Amino acid sequence: MTEAMPMRQRTSRLPRTARRAQLLQVALEVFVEQGYHAASMDEIAERAGVSKPVLYQHFPGKLDLYLALLETSCDTVIEGVKDALASTQDNRRRVKATMELWYDYVADQGAAFRLVFESDLTSDPAVREQVDRVVEESAALVAEVISDDTGLPPAASHLLAVSLVGMGHVGARNWLSHDSSLSRDEAVQLVAALAWRGIGAFPRNEDDTVPDQQNQGVE
């Protein structure tokens with residue numbers, strides 16, 4: 001039996017933005033531990049060291065709090081994909097950087113990924129919209145690079161991009177949930193090599209030949 005999380009002592013007044021950030025962090029802990037339906041605003045307020053009226057000043061209801069947290073989590077992923085793609089002009093390294101983003105997010109973001117990809121509230125349209133948004137916007141960023149680089153039409157670029165995004169987050173979640181013997185770096189290396197050997201086979205606009213097989217490895 002696991003020990004209950006300690007309740008925080010009542011905290012002093014904080015600026016509104018700082019208080020909101022604190023409440024979101026506490027809410028993340030509770031929602032990840034218990035899921036949306038089992039989590040309560042009473043417990044979130046108690047753990048945050050605030051009264052329920054203070055919590056409700058920032059978030060009118062539990063769904064509002066959950067959606068704010070989910071939106072923040074989705075934005076973190078999308079910005080991470082954007083940064084990974086912009087980190088280099090070398091497409092092989094872009095693939096690796098993007099895969100690293102997914103593994104880092106799953107392993108290091110306080111289990112926020114569970115809200116995005118394993119939510120128990122996906123039947124709610126507003127939640128479903130946010131969950132779909134993180135995949136679609138991430139894929140749109142990747143598709144733009146694919147289209148610019150290969151000249152493939154939008155539909156083809158989008159399908160390839162969605163497939164790469166799925167490979168990233170599904171693989172990373174499986175790696176974590178199965179307590180793989182592979183290290184994070186080993187897992188990234190394998191998946192990035194697989195992704196590059198697929199997407200790297202599409203000719204670039206300025207070169208209509210398929211890349212040499214010997215040049216397809218990921219450093």
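Reader: What percentage of the 219 residues of the protein count as buried?

Author: The figure is 42% of the 219 residues. A residue is called buried if its relative accessible area is under 20%, exposed if over 50%, and partly exposed in between, with a 1.4 Å probe and protein chains only. The model is predicted, and local features need pLDDT of at least 70, side-chain atom pairs count only at pLDDT 80 or more, while totals for chains, interfaces and linings use all residues. Residues are numbered from 1 along each chain as its sequence is written, and side-chain values use heavy atoms, with hydrogens and water left out.

Reader: Why is Asp 179 called exposed?

Author: Its relative accessible area is 68%. Exposed means over 50%, so Asp 179 falls in that class. Asp 179 sits in the loop between helix 8 (154-177) and helix 9 (184-199). Its phi is near 50°, a positive value in a residue other than glycine.

Reader: What makes Val 32 partly exposed?

Author: Val 32 has a relative accessible area of 23%. That value lies between the 20% and 50% limits, so Val 32 is neither buried nor exposed. Val 32 belongs to helix 1. Val 32 and Ser 119 are 87 residues apart in sequence and 9.0 Å apart in space, C-alpha to C-alpha.

Reader: How many helices and how many strands does the protein have?

Author: There are 9 helices and 0 strands. Helices are DSSP runs of H or I with at least four residues, strands are runs of E with at least two, and both are numbered from the N terminus.

Reader: Why is helix 2 described as mostly covered?

Author: In helix 2, 6 of its 8 residues are buried. These are Met 41, Glu 43, Ile 44, Ala 45, Arg 47 and Ala 48. They pack against helix 1, helix 3 (52-58) and helix 4. Just after helix 2, Gly 49 takes a positive phi of about 75°.

Reader: What makes helix 1 oblique to helix 2?

Author: Two packed helices are described by the angle between their axes and the distance between the axes. Helix 1 and helix 2 pack at about 125°, with their axes 9 Å apart. Axes are lines fitted to C-alpha atoms, for helices over the stretch in contact, and angles run from 0 to 180 degrees between N-to-C directions. Under 35 degrees counts as roughly parallel, over 145 as roughly antiparallel, 65 to 115 as roughly perpendicular, and the rest as oblique. About 125° fits none of the named ranges, so helix 1 is oblique to helix 2.

Reader: Which residues of helix 1 and helix 2 meet?

Author: Contact means heavy atoms within 4.5 Å. On the side of helix 1, the residues include Arg 19, Leu 23, Val 26 and Phe 31. Helix 2 brings Glu 43, Ile 44, Arg 47 and Ala 48. By class the contact has 7 nonpolar, 2 polar and 5 charged residues. Ala, Val, Leu, Ile, Met, Phe, Trp, Tyr, Cys and Pro count as nonpolar, Asp, Glu, Lys and Arg as charged, and the others, Gly among them, as polar.

Reader: Why is helix 4 called roughly antiparallel to helix 5?

Author: Helix 4 and helix 5 pack at about 155°, with their axes 8 Å apart. The limit for roughly antiparallel is over 145 degrees, so the angle qualifies. Among the residues in contact are Ser 73, Val 77 and Val 81 of helix 4 and Ala 97, Leu 101 and Trp 102 of helix 5. The classes are 8 nonpolar, 4 polar and 1 charged.

Reader: What makes helix 5 oblique to helix 9?

Author: Helix 5 (residues 91-108) and helix 9 pack at about 135°, with their axes 9 Å apart. This angle is also outside the named ranges, so helix 5 is oblique to helix 9. Residues in the contact include Val 95, Met 99 and Tyr 103 of helix 5 and Val 188, Ala 192 and Trp 196 of helix 9. The contact divides into 10 nonpolar, 2 polar and 5 charged residues.

Reader: Which residues touch the most other members of the largest nonpolar core?

Author: They are Phe 31, Ile 44 and Leu 65, in a core of 59 residues. Helix 4 (62-86) gives the most to this core, with 10 residues. A nonpolar core is a set of buried Ala, Val, Leu, Ile, Met, Phe, Trp, Tyr and Cys residues joined through side-chain atoms within 4.5 Å. Not counting residues up to four places away in sequence, Phe 31 touches several residues, including Ile 44, Leu 65, Leu 69 and Leu 115.
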